[in-house]
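Work through the exercises below with the sequence and the 3D structure open beside you. Try each task on your own before you read its solution.

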Amino acid sequence: MRRIEFVRRALGMSQRKFGDHVGVDASYICNAEKNGVMYPSHLKRIAEKLEMGEDGSTLLDEVVEVKAVG
């Protein structure tokens, strides 16, 4: 899973709602989650909106979702 999907899910948002929230069309969110591709300007916009304080390039990094045992 890419970090952008992890963040979106953590916020409890659909791709459409997340796209609306960050000012990027949902199709770009879908493509970023599936293929790890997005315009740098869109990544920067998302990072700014989420107050990540970066250019957003880490949003396309793969992350491992850890599930609690218990």
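Helices here are DSSP runs of H or I with at least four residues, numbered from the N terminus. The model is a predicted one, and every value below is computed from it.

**Exercise 1. Residues in the loops**

Task: Find where S14 is placed, and decide whether S14 is buried, partly exposed or exposed.

Solution: Begin with the position, which is in the loop between α1 and α2. Next take the relative accessibility of S14, which is 40%. Partly exposed is the class between the cut-offs of 20% and 50%, and S14 therefore counts as partly exposed. As a last step, look along the chain to V69, 55 residues from S14, where the two C-alpha atoms are separated by 26 Å.

Task: Do the same for D25, and state in which loop D25 lies.

Solution: D25 belongs to the loop between α2 and α3. Its relative accessible area is 47%, so D25 is partly exposed. Between the C-alpha atoms of D25 and H42, which stand 17 residues apart along the chain, the separation is 9.5 Å.

Task: Which residues does V37 contact, leaving aside its neighbours within four places in sequence?

Solution: First locate V37 in the loop between α3 and α4. With a relative accessibility of 47%, V37 counts as partly exposed. Then search for heavy atoms within 4.5 Å, which gives contacts of V37 with N31, A32 and L60 once the neighbours within four places are set aside. For a distance between backbone positions, compare V37 with S57, 20 residues apart along the chain, and find their C-alpha atoms separated by 10 Å.

**Exercise 2. How the helices cross**

Task: Describe how helix α2 and helix α3 pack, beginning with the angle and the distance of their axes.

Solution: Helix α2 covers residues 15–22 and helix α3 residues 26–35, and they pack at an angle of about 115° with axes 8 Å apart. Angles of 65 to 115 degrees count as roughly perpendicular, and α2 and α3 are therefore placed in that class. The handedness of their crossing is right-handed. On the side of α2 the contact is formed by Q15, R16, F18, G19 and V22, and on the side of α3 by A26, I29, C30 and E33. Sorted by class, these are five nonpolar, two polar and two charged residues.

Task: Is α1 roughly parallel, roughly perpendicular or oblique to α3?

Solution: The axes of α1 (residues 3–10) and α3 come within 8 Å and cross at roughly 125°. This angle makes α1 oblique to α3, since the roughly perpendicular class ends at 115 and the roughly antiparallel class lies over 145. The residues that meet are I4, E5 and R8 from α1 with I29, A32 and E33 from α3. By class, the contact of α1 with α3 holds three nonpolar, no polar and three charged residues.

Task: Classify the packing of α2 and α4 in the same manner.

Solution: The angle is about 85°, and the axes are 9 Å apart. It follows that α2 and α4 are roughly perpendicular to each other. From α2, F18, H21 and V22 meet R45, I46 and K49 of α4, a set that divides into three nonpolar, one polar and two charged residues.

**Exercise 3. The nonpolar core**

Task: How many residues make up the largest nonpolar core, and which elements give two or more residues to this core?

Solution: The largest nonpolar core has 12 residues in all: I4, M13, F18, V22, V24, I29, A32, M38, L43, I46, L59 and L60. The elements that give two or more residues to this core are α2, α3 and α4. Now follow one of the core residues, I29, and leave out residues up to four places away in sequence: I29 touches I4, R8, Q15, F18, G19, V22, V24, M38 and I46.

**Exercise 4. An unusual backbone angle**

Task: What is the sign of phi at E51, and is E51 buried or exposed?

Solution: Start from the general rule that most residues other than glycine have a negative phi. E51 is not a glycine, yet its phi is positive, about 55°. Its place is in the segment after α4 (40–49). Finally, E51 has a relative accessibility of 74%, so E51 counts as exposed.

Terms used
Residues numbered from 1 in each chain as written. Predicted model: local features only at pLDDT ≥ 70, side-chain atom pairs only at ≥ 80, totals over all residues. Heavy atoms only, no water. Buried < 20%, exposed > 50% of the residue type's maximum accessible area, 1.4 Å probe, protein only. Axes fitted to C-alpha atoms, helices over the stretch in contact; angles between N-to-C directions. Parallel < 35°, antiparallel > 145°, perpendicular 65-115°, else oblique. Left-handed = near helix turned anticlockwise from the far one by under 90°. Nonpolar A, V, L, I, M, F, W, Y, C, P; charged D, E, K, R; others polar. Core = buried A, V, L, I, M, F, W, Y, C linked by side-chain atoms within 4.5 Å.
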